[in-house]
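Q: I'm new to this structure and would love a close look at one part of it, the second largest pocket. Could you set the scene with the whole chain, walk me through that pocket, and then show me a few other spots worth a visit?

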Amino acid sequence: MTNQQLKHMKRLSPVMFAGTGSDVGKSVLAAGFCRIFRQDGYSPAPFKAQNMALNSFVTPDGLEIGRAQAVQAEACGISPCADMNPILLKPLGDSISQIVLNGRAVTNVHARDYYEDSRRDMLHAEACNAFDRLAAAHSPVVIEGAGSVAELNLRDADIVNMSMARHAGAAVILVADIERGGVFASAYGSVMLQQPEDRRLIKGIIVNKFRGDATLFDNGRKILEDICGVPVLGVVPYFDNIHIEDEDSMELAAKKQHATTGSKVNVAVVKLSHISNFTDFDMLEHDARVNLYYSDDAHELDSADIIILPGSKNTLSDLARLRATGMAEAITEAAHCGKTVLGICGGYQMMGATVADPHGIEGPACSAEGLSLLPVSTHLEPEKTLRQSDFTFASGRGGNMTGYEIHNGVTSPTGLKPCKPLFVKADGNSDGCVCGANCMGTYMHGVLDNPPFVDFLLATCGKAVGSEGAISDYKAFKDRQYDMLADFLRQHVDMRQVYSILAEGAE
């Protein structure tokens with residue numbers, strides 16, 4: 001939307017969803033409000049100044065942002081861009097994170113050094129500039145805070161919560177998770193521990209993840225309003241029938257951990273310590289033909305029909321742990337017994353003969369033997385590959401597919417065994433490797449969002465799966481989920497009051 005068009009529509013102030021703590025539901029609520037504003041004729045865009053996550057996404061122009069903001073952009077019906085998440089921190093282990101600034105990896109930094117004054121000031125300025133660019137083209141900007149909004153020890157170094165709300169002139173809606181208990185104390189403390197000028201920015205509270213009869217909390221709403229001095233805009237029930245991608249690996253604990261009996265295909269995702277982009281498996285998780293589960297127990301792989309080695313932010317560390325826990329032996333034994341093993345990105349690298357890190361990308365320079373399931377070797381290089389790709393099967397079977405690459409590795413055939421590429425990209429280059437009928441690897445994140453590849457993968461396990469229960473159009477499936485979420489929030493949040501707050505803030 002152009003600046004001229006924005007002048008002729010009613011503007012709304014930016015809105016920030018700030019939390020009483022981590023994992024209270026900020027990301028999902030932000031996505032839901034993005035869809036509501038889009039449905040109501042506005043031009044919303046998501047924003048999170050600083051995100052810490054191993055789930056990331058590549059924008060069409062080849063820049064890296066947190067996956068949550070890409071999901072929220074989908075809910076807005078717009079293409080994601082780096083301004084939506086100017087600072088992304090990707091944990092490497094041992095309190096060290098990679099800083100991705102404006103879509104490009106710039107350095108690795110220890111946690112104790114991250115908030116050094118000059119770096120903090122530079123990052124804050126970059127975040128503010130990114131917000132200003134978004135706000136010039138969109139209304140409202142839907143801002144997501146991080147963690148707790150009342151971390152007093154981090155107040156002076158804050159670049160993502162109230163300092164960003166002040167810069168944006170945002171109306172702050174506090175999200176309180178009633179499921180974990182202590183909702184009165186957490187909400188009251190989050191409001192009252194603010195500086196007076198920040199406290200005035202908090203315009204309302206949403207109580208999230210309520211279980212049971214919400215009318216039983218009517219008195220609780222009044223108590224919250226009385227002690228906090230702001231309205232309770234809604235009490236949102238807990239739900240598990242609307243599927244929005246999870247933001248971080250804390251959600252893995254709630255996912256299935258075991259195989260099942262019956263006709264479904266058991267697909268085991270190896271639960272790596274530094275697992276990244278586990279959203280790769282969301283479509284499979286909702287495929288009625290599949291029982292998808294995550295495991296770091298070697299014995300649980302015995303019941304798997306298909307084993308997937310996912311992406312990793314620290315391939316060498318995770319490879320060493322697979323050997324130490326017996327998982328490496330279980331994976332190779334399963335492959336030798338004819339079970340299908342698929343590696344994606346870091347998992348693809350682990351399946352090769354060696355992984356070398358001569359430049360110390362992931363830690364001290366070193367090299368390690370891989371699982372030797374694929375006749376390839378990987379060298380980690382300083383420059384990260386970031387791109388979206390269209391591709392087809394190298395074998396010539398049908399199906400146009402899409403995905404994206406995020407990796408530092410360059411993987412090449414060893415020449416010791418025949419090596420066939422798995423895919424051919426639209427630019428003519430190949431991707432991945434197939435060895436025999438049951439071992440394959442690819443750098444393509446999102447490969448499992450493509451029905452042709454899912455059908456191909458499931459067919460390798462030997463079970464008669466057919467097409468009943470398959471998701472034929474994952475984009476349409478996700479779009480329905482955003483609409484369902486918007487409808488659900490409209491039922492439980494006073495949108496008239498929300499719009500009144502945002503209109504008043506814009507004035």
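A: Let's start with the whole chain. This is a predicted model, and its secondary structure comes to 16 helices and 26 strands. The radius of gyration is 23 Å, close to the 23 Å that the globule rule gives for 507 residues, so the chain is as compact as a globular protein of that length. Measured out along the principal axes, the C-alpha atoms fill a box of roughly 70 × 50 × 45 Å. Of the 507 residues, 56% count as buried. Take the contacts between residues at least 6 apart in sequence: 74% of them join residues at least 24 apart.

Now for the pocket you asked about. The second largest pocket has a volume of about 730 Å³. It is lined by 28 residues, and the closest to its centre are Phe57, Glu74, Thr402, Lys475 and Lys478. Several elements build the lining, with at least two residues each from helix 2 (26-39), helix 3 (67-76), strand 21 (376-393), strand 22 (401-413) and helix 15 (474-492). Helix 15 gives the largest share, five residues. As for the chemistry, the lining divides into nine nonpolar, nine polar and ten charged residues.

From strand 22, follow the chain a little further and you come to Cys419, in the loop between strand 22 and strand 23 (423-425). Cys419 is partly exposed, because its relative accessible area of 28% falls between the 20% and 50% cut-offs. Setting aside neighbours within four places in sequence, Cys419 is in contact with Pro375, Val376, Pro413, Cys433 and Val434. For a sense of scale, try Cys419 and Ile36: they are 383 residues apart along the chain, and their C-alpha atoms are separated by 49 Å.

Next stop, Ser148, which lies in strand 9 (residues 141-148). Ser148 counts as buried, because its relative accessibility is 13% and the cut-off is under 20%. A polar atom of the Ser148 side chain lies 3.0 Å from the backbone nitrogen of Ala150. Beyond its neighbours within four places in sequence, Ser148 is in contact with Gly19, Thr20, Gly21, Ser22 and Asn161.

The loop leading to strand 9 has something to show as well. Pro140 lies in that loop, between helix 5 (117-137) and strand 9, and the peptide bond from Ser139 to Pro140 is cis, with omega near -5 degrees. Why point that out? Most residues other than glycine have a negative phi, and most peptide bonds are trans.

That brings us to two residues with a positive phi. Asn102 isn't a glycine, yet its phi is near 50 degrees. You'll find Asn102 in the loop between strand 7 (96-101) and strand 8 (104-110), and at 23% relative accessibility it counts as partly exposed. Ser372 isn't a glycine either, and its phi is positive at about 55 degrees. Ser372 sits in the loop between strand 20 (366-369) and strand 21, and with a relative accessible area of 45% it is partly exposed too. Strand 21 takes you back to where we began, since it is one of the elements that supply at least two residues of the pocket's lining.

Definitions and conventions: Residues are numbered from 1 along each chain as its sequence is written. This is a predicted model: local features need pLDDT of at least 70, side-chain atom pairs count only at pLDDT 80 or more; totals for chains, interfaces and linings use all residues. Side-chain values use heavy atoms; hydrogens and water are left out. Helices (H or I, at least four residues) and strands (E, at least two) are DSSP runs, numbered from the N terminus. Buried means under 20% relative accessible area, exposed over 50%, partly exposed in between (1.4 Å probe, protein chains only). A polar contact is a pair of N or O atoms within 3.5 Å; within protein, one must be able to donate a hydrogen and the other to accept it, and residues adjacent in sequence count only if both atoms are side-chain atoms. Contact means heavy atoms within 4.5 Å. On a 1 Å grid over the protein atoms alone, a cavity is a set of points where a 1.4 Å probe fits but cannot get out, and a pocket is an open set with protein on both sides within 12 Å along at least five of seven lines; lining residues have an atom within 4 Å of a point. Grid points are joined across faces, edges and corners, and a volume is the space filled by probe spheres set on the points. Ala, Val, Leu, Ile, Met, Phe, Trp, Tyr, Cys and Pro count as nonpolar, Asp, Glu, Lys and Arg as charged, and the others, Gly among them, as polar. The radius of gyration is taken over C-alpha atoms; the globule rule is 2.2 Å times the number of residues to the power 0.38.
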